[in-house]
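Biologist: Got a minute to go through the labels on this model with me? I'd like to hear the cut-offs behind them.

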Amino acid sequence: MDLVTVIFWIIAVILVGAALLVVTQRNIVHSALSLVIVFAMAAGIYLLLNAEFIAIVQILIYAGAVTILILFALMLTRTSNIQLNSNPNNKQWWLAVIVSAFVGAIIVYAAAVSPHAVAAVSDGSGQLPAGISNVVRIGQLLYSPTTYSYVLPFEIASLVLLVAIVGAIVIGRED
Amino acid sequence: MGLSLNHFLVLGAVLFCIGLYGALAKRNAVAVLMGIEIMLNAVNITMVGFSFYNRVPTYATYLTGQIFAIFIITVAAAEAAVALAMIIAIYRKRSTVDVGEIDIMKW
């Protein structure tokens with residue numbers, strides 16, 4: 001096994017273990033803290049896949065903003081100590097186990113039998129023009145108005161964010 | 001043996017299932033939201049994996065999977081903000097975040 005494979009397995013094991021901690025722990029604050037590990041390890045996976053920009057964005061938005069948002073929501077909806085000791089799962093949790101195992105089996109089966117249009121093994125070459133880094137390439141693809149780019153989806157995404165900001169303020173306002 | 005695309009697909013599938021279980025089985029609405037965030041991350045890993053293993057000439061340089069992952073992150077952040085505002089609003093009205101007790105729209 002080469003170094004990349006070893007690093008992948010280390011990150012994957014920590015990632016799945018932390019995700020299991022998120023869904024199994026009784027104390028929900030501990031779940032939220034395990035979620036930070038999940039997001040950070042996902043950033044490691046992105047680095048393995050030559051996606052530096054997404055790795056940085058993952059750390060900034062998920063490990064930074066979303067986790068803080070979740071912790072604030074937990075702080076504001078703290079009912080009492082009774083909730084700490086009560087069962088965190090609902091009555092149909094065994095049904096959820098069956099459904100998620102079924103969905104997972106289907107996904108793995110589909111990934112195994114379907115012919116891939118992309119290469120099975122890659123060193124990441126042939127993706128970027130010579131002398132252009134991942135961040136520069138994504139900047140060109142998102143902003144460039146003259147060549148092939150995603151300017152219109154980018155502008156629509158900014159509108160979505162604006163609506164989400166106004167909506168969150170209107171919904172969460174005290175009156 | 002080196003890494004192949006199937007490593008990342010199976011990792012994404014396992015993570016998606018864990019998130020699905022969390023979203024379906026939890027009573028606290030914030031825990032449900034955490035499960036959804038894990039599911040979105042699993043999809044992002046799959047997207048970036050496809051982007052890395054895409055060797056089709058010209059199209060591989062468009063990095064479609066990575067751009068898709070960026071938009072998923074954008075929408076997920078907006079979704080988290082709105083969902084948490086809703087949870088706080090519901091908590092203020094009904095003093096509970098148990099999704100089993102929030103049944104006012106049940107017929």
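Modeller: Sure, here is a quick run through the helix pairs, the interface and one proline.

Modeller: Housekeeping to start: this is a predicted model, where local features need pLDDT of at least 70, side-chain atom pairs count only at pLDDT 80 or more, and totals for chains, interfaces and linings use all residues. Residues are numbered from 1 along each chain as its sequence is written, while chains are lettered from A and ligands numbered from 1 in the order in which they are written.

Biologist: Why are α3(A) and α3(B) called roughly parallel?

Modeller: Helix α3 of chain A (residues 52-76) and helix α3 of chain B (residues 64-94) have axes that cross at roughly 10 degrees and come within 10 Å. Angles under 35 degrees count as roughly parallel, over 145 as roughly antiparallel, 65 to 115 as roughly perpendicular and the rest as oblique, so α3(A) and α3(B) are roughly parallel.

Biologist: What makes the residues of that contact nonpolar, polar or charged?

Modeller: Ala, Val, Leu, Ile, Met, Phe, Trp, Tyr, Cys and Pro count as nonpolar, Asp, Glu, Lys and Arg as charged, and the others, Gly among them, as polar. The contact of α3(A) with α3(B) comes out at 18 nonpolar, 1 polar and no charged. Residues meeting there include A:Ile61 and A:Leu69 from α3(A), and B:Gln66 and B:Leu84 from α3(B).

Biologist: And why do α5(A) and α1(B) get the antiparallel label?

Modeller: Their axes, for residues 93-113 of chain A and residues 5-25 of chain B, cross at roughly 160 degrees and come within 9 Å. That angle is therefore roughly antiparallel. The contact of α5(A) with α1(B) divides into 19 nonpolar, 3 polar and no charged.

Biologist: How do you know how many residues of chain B are in contact with chain A?

Modeller: Two residues are in contact if their C-beta atoms, placed from the backbone, lie within 7 Å. By that test, 67 residues of chain B are in contact with 75 residues of chain A. On chain B's side, α3(B) gives the largest share, 20 residues, and the whole side splits into 48 nonpolar, 15 polar and 4 charged.

Biologist: Last one: why does A:Pro153 count as buried, exposed or partly exposed?

Modeller: A residue is buried if 20 or more other C-beta atoms lie within 10 Å of its own, exposed if 12 or fewer, and partly exposed in between. A:Pro153 has 15 C-beta neighbours inside 10 Å, so A:Pro153 is partly exposed. A:Pro153 sits in helix α7 (residues 151-172) of chain A.

How values were computed
Axes fitted to C-alpha atoms, helices over the stretch in contact; angles between N-to-C directions. Helix = DSSP H or I, 4+ residues; strand = E, 2+ residues; numbered from the N terminus.
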